Amino acid sequence: MELWHIRGEQQLEGSCFVQGSKNASLPILAASILCPLRCELLHVPQLRDVDAALRILRHLGCKAEQSAGHVYIDSTQLSCSAIPHELMVEMRSSVIFMGALIARCGEARLSLPGGCQLGKRPIDLHLSALRQMGADIEENGDEISCRASHLHGAEILFPFPSVGATENAMLAACTARGETVIHGAAREPEIVALQMFLRSMGAAVGGAGTDTIRITGFQPKKHTACRIIPDRIVGATIACAAAASGGDVELKGVDPKHFSTVLYFLNQAGCDIISSTRSVRVRSAGKLYGIGALETAPYPGFPTDAQPVLMAALLKAKGQTVITENIFENRYRQVPELLRLGADISLDGREATIRGVERLRGSALTATDLRGGAAMIVAGLAAQGETVICDDGHITRGYEHFDRCLRSLGADVYLEY
Ligand code: EPZ
């Protein structure tokens, strides 16, 4: 159990480098087993989810080591195609090993993945894509068993641009015979990053970043290296923390285009946003303003992962904001906790209405999930007095040394283990 102690109402000021992306690292770690490969990954964040992926790789017979941001993987000795339940439930991304294992071994045995409880998180689109490529999949309760003597290319049409299903289909398609075309693909920067990595491994893949991805062949390489893209959601979280605290913060090493919708709404709320190619400065004039209406949507829309932290930044804004959450059915779990700080939020199905209050008061909170926990930190930074967040390891699944990062910007934050 971790306790975050936050003394709020300190303006955040200064600059900080943003960590590598968790959600780009995890599918790339799974992709490293597609062929016998030695690879080096740079700028990988040190997080519980990354550690879980490395443990899965080691279980499969690979060498997988992390030293600070540097990860080395040698998948030449992969010897197993089954992932035990206790490793699968540590995170959602374990399911991406399914596409990679069936591509490499012709079979995969695993169970349903874990991850944040954000409502129903089915994997029907993942399974349907693999079935269309010729995989024979049996589901028995939580157990999934996939087999394919050889995968073949297919025309896959996703009715919804699922990030994970797009990643699984891309991985499986690499070793399939013939061309695979994924229509209705997710367009997130993490998909483009996966394409870059697959190309560096020898895959002929194009179209990532649009809704149609084509995979036409694979000439496996023995070595590769890649640098993980910056984490746009951590960037968005620090930007919201700067805004909530009335601060002036420069985020270095980010790609502001990756979270331009978040920066747009912070600007609407009254912050100055000064962007360059590799950094962005968020300067709050003090008082923020409600931003009317916003809704979450698949990329390039407003990211669901940034919804809780933007909500937290707007708790003291003058006026009203109405958020519509369109991706997950249960992504307002932070709300009852934020109410304890004195926030005025009402929920009606997918809609949350935030009416700005003059003052938030520190309180004892419990982190509910990764981004909900981050939202509580943002709110705590804007609250009077001390906020203590009791967290069963949610926040450290996605934020690397976040207490140090905030302290370097002048926040009074201390993490007790
Ligand atoms: C990824 O999850 C991210 N996780 C999530 O980040 C993020 O919130 C989400 O994409 C949406 O942007 C990682 O990249 C590791 P989806 P994923 O499949 O792939 C429905 C965080 O905080 N769906 O795009 O699981 C699903 O129920 C995490 O870092 C199906 O119906 O998301 C949801 O409503 C949380 N059937 C919607 O699609 C399927 O087979 C989006 O899910 C798959 C998904």
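Strands here are DSSP runs of E at least two residues long, and helices are runs of H or I at least four residues long, both numbered from the N terminus. Two strands count as paired if DSSP finds at least two bridges between them.

This is a predicted model, in which local features need pLDDT of at least 70 and side-chain atom pairs count only at pLDDT 80 or more, while totals for chains, interfaces and linings use all residues. Residues are numbered from 1 along each chain as its sequence is written, and side-chain values use heavy atoms, with hydrogens and water left out.

**View A. Strands β3, β4 and β5.**
Here β5 (residues 70-74) has two partners to look at. With β3 (38-42), β5 runs antiparallel, joined by four bridges. Leu-41 sits opposite Val-71 of β5 in that pairing. With β4 (residues 63-67), β5 is again antiparallel, this time over five bridges, and Glu-65 stands opposite Tyr-72. The β4 and β5 hairpin has two residues between its strands, and Ala-68 has a positive phi near 50°.

**View B. The loop at His-43.**
Follow the chain out of β3 and you land in the loop that leads to α2 (48-59), where His-43 is found. His-43 isn't a glycine, yet its phi is positive, at about 65°.

**View C. Strands β18, β19 and β20.**
Now for β20 (residues 351-355), which pairs with β18 (residues 320-324) in an antiparallel way through five bridges. Have a look at Thr-324, which faces Glu-351 of β20. β19 (residues 344-348) also goes antiparallel with β20, over five bridges, and Leu-347 has Ala-352 as its bridge partner there. Two residues separate β19 from β20 in their hairpin, and Gly-349 in the turn shows a positive phi of about 60°.

**View D. The cis peptide bond at Pro-300.**
Zoom in on the bond from Tyr-299 to Pro-300: this peptide bond is cis, with omega near 10°. Pro-300 belongs to the loop between β17 (292-295) and α10 (307-313).

**View E. Where the two domains meet.**
The domain assignment splits the chain into domain 1 (2-19 + 230-416) and domain 2 (22-227); such bounds come from an automatic or database assignment. Their C-alpha centres are 30 Å apart. Counting contact as heavy atoms within 4.5 Å, 27 residues of domain 1 and 22 residues of domain 2 take part. About 2,100 Å² is buried between the domains, with carbon and sulfur atoms giving 53% of that; buried area is the accessible area (1.4 Å probe) that two parts lose on being put together, summed over both. On the domain 1 side, Tyr-299, Phe-328 and Arg-397 lose the most area to domain 2, together 31% of what that side buries. Tyr-299 is also the residue before the cis bond of View D.

**View F. Salt bridges between the domains.**
There are two salt bridges between domain 1 and domain 2, each needing a side-chain nitrogen of Lys or Arg within 4 Å of a carboxyl oxygen of Asp or Glu. Arg-232 makes a salt bridge with Glu-190, and their closest N and O atoms are 2.8 Å apart.
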